[in-house]
Amino acid sequence: MYGLQQPLLQKCLDIQVKIYGTHEHVDVAMTLNSLGLLAMEQGKYDDAQKYLDESHAIYINAHGSENHPDIEQVQGDLMELKLRIEQSLVPSTHGNISNVADMEGGRNETELKVEQVDQVEQLEQLEKVEKLENERENTGRFAGADAGSQNNVPAKKKGFKWN
């Protein structure tokens with residue numbers, strides 16, 4: 001189920017860092033948060049902790065306050081991670097809780113999927129930007145631009161008068 005998500009999110013992270021030139025950007029924090037949530041769903045709690053902590057630090061640095069919605073969201077994710085870690089250490093006599101995200105402050109599976117779709121769309125946009133930047137670096141202009149295209153505009157067009 002999660003086979004393609006982690007590599008896509010990692011690629012998105014790599015592209016963001018390349019485009020922004022830093023790890024210290026809120027879009028990077030959002031991707032790190034998504035990687036943390038994915039790792040948490042996979043039971044990779046050490047990885048989840050690392051990603052969520054880094055996301056939290058970037059958000060605090062960017063927003064400068066603990067009262068920002070981004071910071072509150074990642075704090076909720078960190079609390080959910082703590083609960084899952086505690087539950088994994090204590091044998092349950094009542095069966096497993098099927099979705100800890102249904103608890104107060106967590107996100108349900110639908111919300112996670114919507115966020116993952118958003119991340120994939122963002123990745124596609126970043127890939128387009130990266131492609132344009134590469135084309136501009138390689139050719140000195142954007143793809144599809146003819147060398148003299150600005151000078152090839154006809155003086156008169158049918159039904160249009162130039163003043």
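Buried means under 20% relative accessible area, exposed over 50%, and partly exposed in between (1.4 Å probe, protein chains only). This is a predicted model, in which local features need pLDDT of at least 70 and side-chain atom pairs count only at pLDDT 80 or more, while totals for chains, interfaces and linings use all residues. Residues are numbered from 1 along each chain as its sequence is written, and side-chain values use heavy atoms, with hydrogens and water left out.

**Exercise 1.** State how many helices and strands the chain has.

Solution. Helices (H or I, at least four residues) and strands (E, at least two) are DSSP runs, numbered from the N terminus. The chain has five helices and zero strands. In sequence order the pattern is α-α-α-α-α.

**Exercise 2.** Decide how far α2 is enclosed, and check its length.

Solution. Start with burial: twelve of the 16 residues of α2 are buried, so the rest of the structure largely encloses this helix. Among them are V28, L32, L35 and M40. Next, the expected span is 1.5 Å times one less than the number of residues. For α2 that gives 22 Å, and the end C-alpha atoms are 23 Å apart, which agrees. Just after α2, G43 takes a positive phi of about 80°.

**Exercise 3.** Find which element gives the most to the largest nonpolar core, and place L32.

Solution. A nonpolar core is a set of buried Ala, Val, Leu, Ile, Met, Phe, Trp, Tyr and Cys residues joined through side-chain atoms within 4.5 Å. The largest has 19 residues, and L32, M40 and L52 have the most contacts inside it. α2 gives the most, with eight residues. Leaving aside neighbours within four places in sequence, L32 is in contact (heavy atoms within 4.5 Å) with residues including L13, Y51 and I58.
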